[in-house]
Amino acid sequence: MPTFREFMNRLQFLRRRARFDRELHDELHFHLEARAADFEDQGLSKDEALRRARIEFGSVQLAREDSREAWLFQWLEHLLMDLRVGARMLWRSPSFSILAILCLTLGIGANAAVFSWAEGLLFRPYPAVAHQERLMALSGISRGETGITLLSWPDYLDLQRNSTLFDAFFVSKITGTTLSIGERAERTLGSIVSANYFEAIGVHPILGRGFLPGEDTGSSGHPVTVISYQLWQTRFKADPQIIGKTQRLNGVTHTIVGVAPQGFYGTFVGWAMQFWVPASMEEIFEGGGYKLGDRNARWIESYARLKPGVSAQQAQQEISALASRLEHDYPLTNRGRSVRLWPLWETPFNNAGTLLPTLGIMLAVVACVLLIACANVGNLLLVRSFARRHEMTVRAALGAGRARLLKQLLTEGLLLSLLGACGGLLVAHWCRHALVLLFPARGGVSMYLPGDIDWRVLAVTSAVCLLATLLLGVVPAIQTSKLDLAAALRTEMAGVVGGHGRSWARSGLVVLQVSLSFVLLVGSGLLIKSLDKIRSTNPGFSAHRVLTTAVDLVSAGYSVQQAKTFQDELLDRVQALPGVESAAFARLAPLSYGSYSSSPIAVDAYNVSPEEQPTVEYNEVGPGYLATMGIPLVSGREFTRADDQSAALVAIVNQTMATQFWKGSNPIGQRVQVKGRWMTVVGIAKDSKYQSMREIPTPFFYVPRSQNFAIAASLHIRTPLAPQDMAITLGREIHALDANLALYEVIPLQEQLDRSTASQKAAVTLLGVLGGLALLLAAIGLYGVMSYAVSQSTRELGLRMALGARASDLLRLVISQGLALTLVGAVLGTAAALGLTRLLVNYLYGVSPHDPLAFASAFAVMLVATLVACLVPAWRATRTDPMRALRQE
Amino acid sequence: MPKNDTQLLPGTLFLLILKSLARGPLHGYAIAKRIKNASDNGLAIEDGSLYPALNRLLVKGWLQAHWGTSENNRKARFYRLTPEGRKQLHAEAREFEKLVKNIQLVMRTV
């Protein structure tokens with residue numbers, strides 16, 4: 001029985017192999033000489049003595065080999081031998097090897113890359129943050145509503161104070177500012193955080209400090225900021241004396257107290273944060289006044305880390321209990337509201353929730369690609385195993401066990417998939433940041449999506465590799481198990497096109513490839529069509545003739561009165577420009593990143609149930625906004641300059657809001673309560689798109705800027721002029737008013753719209769690339785099978801030609817064989833696609849998952865690919881020389 | 001080589017090697033000589049087959065090997081019993097005696 005000691009002894013042997021051989025040689029030599037010397041003493045001649053000694057000894061070679069073998073792990077030795085043989089086989093047919101390894105590299109690489117993205121988002125979305133596995137996101141929920149709300153600061157503090165199952169709570173709310181350093185002004189993203197932020201996430205600034213306790217209290221009491229490493233390097237030229245210097249953020253001078261470490265991007269899936277400010281500075285960045293004491297202002301994005309060993313369910317129970325206590329204590333603000341914990345990958349207020357299902361589908365897609373790649377390599381192996389049938393048969397006839405042959409085949413598969421896996425990991429390594437490339441970055445805002453090769457990726461890649469090995473090894477193994485020694489040794493090589501029982505495995509693999517790539521093609525088709533639909537959907541405003549931009553008054557430190565005066569003057573100047581039809585300010589441009597104001601509303605005629613507090617979003621717009629945007633008025637009037645602070649409060653509602661809250665009666669002249677103030681409805685606007693092109697019609701309303709003023713505003717200009725020309729003119733006008741102001745980029749609304757559909761475009765690109773890859777692999781597979789079939793049936797083809805078949809007949813014969821395979825594959829693919837495309841439903845817009853056009857185009861593409869793949873083999877068939885083909889026999 | 005040798009029972013070679021080393025370290029040739037002399041050349045062992053057996057015993061840790069000088073001043077490899085090897089020798093010797101006794105018993109009764 002092998003013991004541990006024995007194992008260790010053998011292991012040591014591996015180290016001193018060379019010495020062992022030498023010593024054994026010396027030892028055997030000594031033995032022979034000593035024996036010979038004894039014989040000489042007995043009176044034999046020297047030669048005779050040596051001869052007798054050798055006879056006594058037996059085979060020196062055998063003694064040496066057996067002694068050596070005593071030390072070896074036998075399986076290891078066999079494995080090494082198989083690997084050697086396998087490597088030799090690969091080396092001997094380089095075109096086969098390169099093709100096979102390339103297929104596997106693409107298949108495994110695609111899997112490793114997509115897995116590394118998904119895994120990054122799932123397990124460590126925030127690089128450098130400690131104990132992410134126990135972090136959960138917090139959001140508010142309302143009973144009877146599906147969406148989420150954010151939390152108010154007082155609610156957050158109460159949860160933090162009264163909970164017992166958590167290590168830490170922290171706030172990280174995305175915000176933005178215009179960073180003007182030197183002459184360059186750029187939009188930059190940052191976070192409003194609680195004072196314990198850096199401590200809670202275990203990130204220590206490399207220069208200076210994090211925030212101090214208490215820096216998140218008071219109104220604008222602590223203008224301090226920690227900047228990112230990237231910002232420090234690029235905009236501050238890595239100034240070592242940076243700590244203590246100041247930087248204006250949103251018009252307020254902030255002291256830089258710390259620089260975050262390299263590789264820390266903040267805590268927001270999708271974007272890299274460049275600066276952090278404590279929550280006390282919230283009103284400088286958020287607008288809408290001081291909110292830290294307001295339980296009705298729900299604006300914070302927060303996280304909590306569970307204590308070790310606490311389950312998400314227990315934590316949720318405690319949070320729910322605390323939330324219902326809040327509901328009881330503060331019915332006015334918290335009625336019908338509760339709080340929910342989310343796993344990080346479902347965080348409702350960043351991009352995690354939307355990215356993950358996409359990656360899930362991509363994982364399924366790349367698994368398909370891998371299957372196709374394996375089928376391809378399997379097919380190549382099959383063809384080769386047929387060519388090696390003779391070798392295998394001879395080996396079997398010489399007594400090689402079936403298990404031994406099988407092991408050899410599996411080792412060859414292993415070798416291929418190992419090489420493929422190495423290549424695949426390289427591909428994944430190159431692609432680790434490719435996910436970011438699919439989403440366009442704008443201005444100074446950069447994307448960050450984690451993707452890295454770690455042990456999980458390695459583990460999955462190894463698993464994929466093993467699976468591929470099995471798949472690859474099994475195919476020729478089936479073939480081998482059917483070895484008929486007697487028949488095979490009689491080398492009967494002449495075949496008939498497609499008429500072979502043996503070719504079923506190859507044909508089956510091709511059918512599998514065709515059906516899988518058919519599914520991917522249908523998916524790509526559906527996504528392309530829905531992207532097209534999204535693009536051609538009427539956004540409800542004129543996207544082409546309206547330019548949008550903004551002037552950063554906030555960081556320039558404008559007061560409300562200064563901003564009003566400046567904006568009025570600028571508007572007058574712009575409207576006077578040649579080519580400008582009209583212009584208007586609004587707080588937000590549609591489909592931009594940034595959230596509209598929202599308020600719980602009350603309506604005269606609408607009875608609110610006690611459980612429900614309807615919240616509706618709105619935009620603060622200037623006079624003539626609707627006309628400038630091209631949003632039609634259904635009835636009533638637009639805001640005018642007369643709707644100012646001194647006039648009666650007014651609002652314009654959209655059609656959906658009118659029907660939802662006034663149920664058929666005319667809302668004009670009726671009142672709506674917003675943030676405690678009653679406003680009279682003066683107009684009804686047609687519905688348009690506000691946040692996303694895919695949204696369903698939602699209630700929305702407009703209020704005049706003059707009655708609800710916020711300094712930050714975007715300017716909309718209706719003009720046929722080009723954006724670049726407008727930017728120059730506009731810059732001149734602005735600098736005439738104030739030479740220190742910086743202008744944002746001037747873009748058509750259409751550009752804004754395109755950016756908002758970037759993720760759909762990314763999905764189409766990805767699926768398109770993978771679908772194309774699958775199609776290519778399937779075509780290669782088809783080509784391989786048809787070429788092989790033709791090369792194996794030269795006799796039959798020659799016979800047909802001799803009997804009077806024309807070239808076109810042979811062409812038809814070969815192509816119809818290929819088409820038959822494709823047809824079967826397409827039928828299976830259609831069945832699979834009918835079931836699978838339903839998974840895409842969330843990504844489709846205005847397209848049924850069973851859209852016949854998508855299926856038809858997939859079929860057409862498949863058909864063309866088939867014809868291309870069959871053409872060369874078919875042409876080769878027509879070139880068969882009948883005389884030579886017949887003489888071969 | 002046609003000889004009227006007795007075939008070895010399986011595993012006996014190990015026992016013979018262990019036994020011949022019981023009185024102290026020997027080199028390979030000395031072990032071969034001792035086994036042959038002790039059995040009066042009656043056992044069919046090729047000298048060569050001794051070495052794989054020695055190596056198997058080394059792997060098992062029953063023997064240890066070291067280089068030394070032979071009686072005629074040549075460099076030779078000496079084998080020595082380890083404590084485990086000694087224990088194994090006793091155990092196997094007992095087993096073997098039992099086996100032989102049983103066989104003799106059977107031979108007498110039949």
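Helices here are DSSP runs of type H or I with at least four residues, strands are E runs with at least two, and both are numbered from the N terminus. Keep in mind that this is a predicted model.

**Exercise 1. Get a first overview of chain A.**

Task: Find how many helices and strands chain A has, and what share of its residues is buried.

Solution. Start with the secondary structure: chain A comes to 29 helices and 26 strands. Next, look at burial. Chain A has 889 residues, and 42% of them count as buried. Finally, check how far along the sequence the contacts reach. Take the contacts in chain A between residues at least 6 apart in sequence: 81% of these join residues at least 24 apart.

**Exercise 2. Look at one helix, α6(A).**

Task: Compare the end-to-end reach of helix α6 of chain A with its expected span, then decide whether α6(A) is mostly covered or mostly uncovered.

Solution. Helix α6 of chain A runs over residues 94–123, which is 30 residues. From first C-alpha to last, α6(A) reaches 41 Å, close to the 44 Å expected at 1.5 Å a residue. For the second part, use the cut-off: a residue is buried if 20 or more other C-beta atoms lie within 10 Å of its own. In α6(A), 21 of the 30 residues are buried, so the helix is mostly covered.

**Exercise 3. Describe two helix pairs in chain A.**

Task: Work out how α7(A) is placed against α11(A), and how α19(A) is placed against α27(A).

Solution. Two packed helices are described by the angle between their axes and the distance between the axes. Take α7 (residues 153–162) and α11 (residues 312–329) of chain A: their axes come within 10 Å and cross at roughly 130 degrees. The two helices are therefore oblique to each other, and α7(A) passes α11(A) in a right-handed crossing. On the α7(A) side, the contact is made by Asp155(A), Asp158(A), Leu159(A) and Asn162(A), while α11(A) brings Ile319(A), Leu322(A) and Leu326(A). Sorted by class, that contact has four nonpolar, one polar and two charged residues.

Now the other pair. Helix α19 (residues 504–536) and helix α27 (residues 807–836) of chain A pack at about 45 degrees, with their axes 7 Å apart. That makes α19(A) oblique to α27(A). The crossing of α19(A) past α27(A) is right-handed. Among the residues in contact are Val510(A), Val514(A) and Phe518(A) of α19(A), and Leu821(A), Gly825(A) and Ala832(A) of α27(A). By class, the residues of this contact divide into 13 nonpolar, five polar and no charged.

**Exercise 4. See where chain A touches chain B.**

Task: Say which elements of chain A give two or more residues to the side that touches chain B.

Solution. Begin with the contact itself: 23 residues of chain A meet 17 residues of chain B. The elements giving two or more residues on the chain A side are α1 (4–15), α2 (17–41), α3 (46–57) and α4 (60–71). Then sort that side by class, and you get 10 nonpolar, five polar and eight charged residues.

**Exercise 5. Check two backbone oddities.**

Task: Find out where Ser220(A) and Lys237(A) lie, and whether each is buried or exposed.

Solution. Most residues other than glycine have a negative phi. Ser220(A) is not a glycine, yet its phi is positive, about 50 degrees. Ser220(A) sits in the loop between β6 (207–208) and β7 (224–227) of chain A. A residue is exposed if 12 or fewer other C-beta atoms lie within 10 Å; Ser220(A) has 12, so it is exposed.

Lys237(A) also has a positive phi of about 50 degrees without being a glycine. Its place is the loop between α9 (229–234) and β8 (246–249) of chain A. With 10 other C-beta atoms within 10 Å, Lys237(A) is exposed.

Notes. Residues numbered from 1 in each chain as written. Chains lettered and ligands numbered in written order. Predicted model: local features only at pLDDT ≥ 70, side-chain atom pairs only at ≥ 80, totals over all residues. Axes fitted to C-alpha atoms, helices over the stretch in contact; angles between N-to-C directions. Parallel < 35°, antiparallel > 145°, perpendicular 65-115°, else oblique. Left-handed = near helix turned anticlockwise from the far one by under 90°. Contact = placed C-beta atoms within 7 Å. Nonpolar A, V, L, I, M, F, W, Y, C, P; charged D, E, K, R; others polar. Expected span 1.5 Å × (residues − 1).
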